[in-house]
Amino acid sequence: MTAAPQSTPVAKSGEATASPFVPALRNAVAAALVAFGLSFPIISYHAESNINNELVLIGRWPLSFGIAAIVFLFVLFRQVSPPDWRVWFDRVGAVAAGGMGGALAESAAEGEGVAPPSPARARFSQWFGPFALGVVILFPFIMLGLLGPSGSLKWINNYGVQIMIYVMLGWGLNIVVGLAGLLDLGYVAFYAVGAYSYALLSTTFGLSFWICLPLAGVLAAMWGVILGFPVLRLRGDYLAIVTLAFGEIIRLVLVNWVDFTNGGAGISGIPHVTFFGIPFNDDDNGFAAIFHLPYTPIYRTMFLFYLILALALLTNFVTLRLRRLPIGRAWEALREDEIACRSLGINTTNTKLTAFALGAMFGGFAGSFFSVRQGFVSPESFTFMESATILAIVVLGGMGSQLGVAIAAAVMIGAPELMRELDWMKQIFGADFDPTQYRMLLFGAAMVVMMIWKPRGLVSTRSPSIFLKESKAVSGDLVKEGHG
Amino acid sequence: MDNFLQQLINGVTLGSIYGLIAIGYTMVYGIIGMVNFAHGDLFMLSAFIALIVFMILTQILHLGSLPIAFVIVLVAGMALTGLWNWAIERLAYRPLRGSFRLAPLISAIGMSIFLSNFVQVVQGPRNKPAPQLPNHVFNLTGGAYDVTLSIRQVLIVVLTAVLLGAFWYLVQYTSLGRAQRACEQDRKMAALLGIDVDMTISITFIIGAALAAVAGVMFVIYYGVVNFADGFVPGVKAFTAAVLGGIGSLPGAVLGGLLIGLIEVFWSSYFTTDYKDVAAFMILAITLIFMPSGILGRPEVEKV
């Protein structure tokens, strides 16, 4: 888990047969010492409260020595192995050390040098999107066929619906960050506005989901404009911190304004989704009875899945269409060069505000879907971590790439969910071993590794919005990131 | 008036802690233009390191003298936290140097998640109460309302002032400081002139971490309890302070830290504690609307 020192020129050139072991040994000892230093107080001793609420130390020196020994052996073998093997050492190291393989820089270089896509690859990327969409549309039925109504419920809900929510949020934020190049660290605020809009409107006035959905979008867009307007003069990281601050302000208001939002306790008893007025329950006028089906909760989950799928596809469709309209082109031009935009007469204020408002509107839709799905909202769900996760999805997907964002959402949300399924590891490491506690640890480490592995995102090519004769995919490196 | 004085004392103490963390943000931003989101969690980690080192000294080595223990904890905490930040920079940020701006940001957010969960896994999720330390409280006025100044508060403010003085000297008058400022202005040119850029950046991270470690030690002394999740809020506040003061400006970071500390304390005292963070963030937003590059920051000049 420490820095693998760069191999010395002697070892790298491979021509000096004298003694590659001495520098390798030196590096390995240095790395082991660093690993030991890092683990010294925090791993070697466990501070635990005793019955009198006093801290006592419990020594865990073997663990510390073990980590140092592993690092020592790893670095030593990496350095004395032939150059071809080193790449594999680095990859294994990245995985084994909880993903903290800094040596991945070498393999990252491969990803960065984007060659013009080969015809086969172009064909693949051309067909991959529709194919993936087909799989996603059939996903509930595939699961139902494989696992039956009760077994598939978890998969459709925890994986399908959950991932689709983040796909939609990622696509929404992609308008702001990927297209307009405005770094927004408080996107979750609009998600919260949407969620609370539906929760409050439905519980207070009894409005149905289908009325609240557009209202939530409008309210969120309005907040996007309200929050966006004062900060338009700010650029880069100043914009980032103010959006972060607004996200936190909205959450803190939701926590503290108890009369309006019921505070940290949240709002429960939010009406569940209905099939255009027909409830999904086992009543005589419920969905199952009307369609002469046996009652199971799976119908509601499947309906929710298709609902969020439709909303996400709407986001995607609107984004793709807008990219061809003057406003979409203005966004991208703004991202590439704001000064050039201004000199060409583009109204940067309106352009930025529309990006904020549209991104916020889709966040609001996703929020109201979230509250109709959960039936309960509380400020806990709208922390900065959510914003960070959504931003990570957008950046990891490759900013501006719709397909990349969808893949990144599936990876970032699906993988931590899969970590919950690791109960079999208890049989190896004993009953005390709880794999779920390593879930977020690995999530954080994976974020670092994936960024180092592919700094420009998983999809490294972009299709230009506008072209002269034929559309050619361009490297993501050519696309600017904007300065807010 | 008495209340005002009391809140002033409390605010300056809190502001010192924020200021020390904010320097780490602002230095890293100045030199590589990156928001180091993991800095708040590094601060939390340093508080844990300080707590454990202190317990090793008192419980295992049975060191009797508190001042000596305090100095050892401070030095060990600074060294070990510096080592951590060095390793973090080496593994998570250096491979991304020169890559596009958002890549190191996401890497830093990942590191922040990693660090807080790492501490949760190795030290457990519950609050860690620090051992009781003797504290002397001075009573400044004899009236109906006591204005108190505890020796801890004096220690925190004096230590912050001394460290800032030393640090200011380091940046302004030593060759290391010159190398740092040169890298800030133009990294490529500095490298051409024989400055070891990698080394300078590493040292910057180590210094930032050492100051965060001092803040961590003070946090444990002042609040007497630490938890794995305690990094995020002070981290965001310190980042806010750095931006408020003008990110990249060292005096600005301290000024911003003091301002955020004072706003928070005065708001809690005169209005309500519920909205103290909202107040701090609102003042940040309002300040930035009128001064888009912070209080002491230089406006960004864009060449076409």
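## Exercises on a two-chain model

A:Asn262 sits in the loop between helix H10 (258-261) and strand S3 (267-268) of chain A. Keep in mind that this is a predicted model.

**Exercise 1.** Work out whether A:Asn262 is buried, exposed or partly exposed.

*Solution.* Start with the backbone: A:Asn262 is not a glycine, yet its phi is positive, about 65°. Next, count neighbours: 18 other C-beta atoms lie within 10 Å of A:Asn262. A residue is buried at 20 or more and exposed at 12 or fewer, so A:Asn262 is partly exposed.

**Exercise 2.** Now do the same for B:His62: is it buried or exposed?

*Solution.* First find B:His62 in the loop between helix H2 (39-60) and helix H3 (66-93) of chain B. Its phi is near 50°, again a positive value in a residue other than glycine. B:His62 has 7 C-beta neighbours inside 10 Å, so it counts as exposed.

**Exercise 3.** Describe how helix H13 (residues 326-336) and helix H15 (residues 348-374) of chain A pack.

*Solution.* Take the geometry: the axes are 10 Å apart and meet at an angle of about 105°. Angles of 65 to 115 degrees count as roughly perpendicular, so H13(A) is roughly perpendicular to H15(A). Then look at the residues: H13(A) brings A:Ile327, A:Ala330, A:Trp331 and A:Leu334, while H15(A) brings A:Thr348, A:Thr351, A:Thr354 and A:Ala355. By class, this contact has five nonpolar, three polar and no charged residues.

**Exercise 4.** Which element gives the most to the side of chain A that touches chain B?

*Solution.* The contact involves 55 residues from chain A and 61 residues from chain B. On the chain A side, H9(A) gives the most, with 10 residues. That side has 39 nonpolar, nine polar and seven charged residues.

Technical notes:
Residues numbered from 1 in each chain as written. Chains lettered and ligands numbered in written order. Predicted model: local features only at pLDDT ≥ 70, side-chain atom pairs only at ≥ 80, totals over all residues. Contact = placed C-beta atoms within 7 Å. Helix = DSSP H or I, 4+ residues; strand = E, 2+ residues; numbered from the N terminus. Nonpolar A, V, L, I, M, F, W, Y, C, P; charged D, E, K, R; others polar. Axes fitted to C-alpha atoms, helices over the stretch in contact; angles between N-to-C directions. Parallel < 35°, antiparallel > 145°, perpendicular 65-115°, else oblique.
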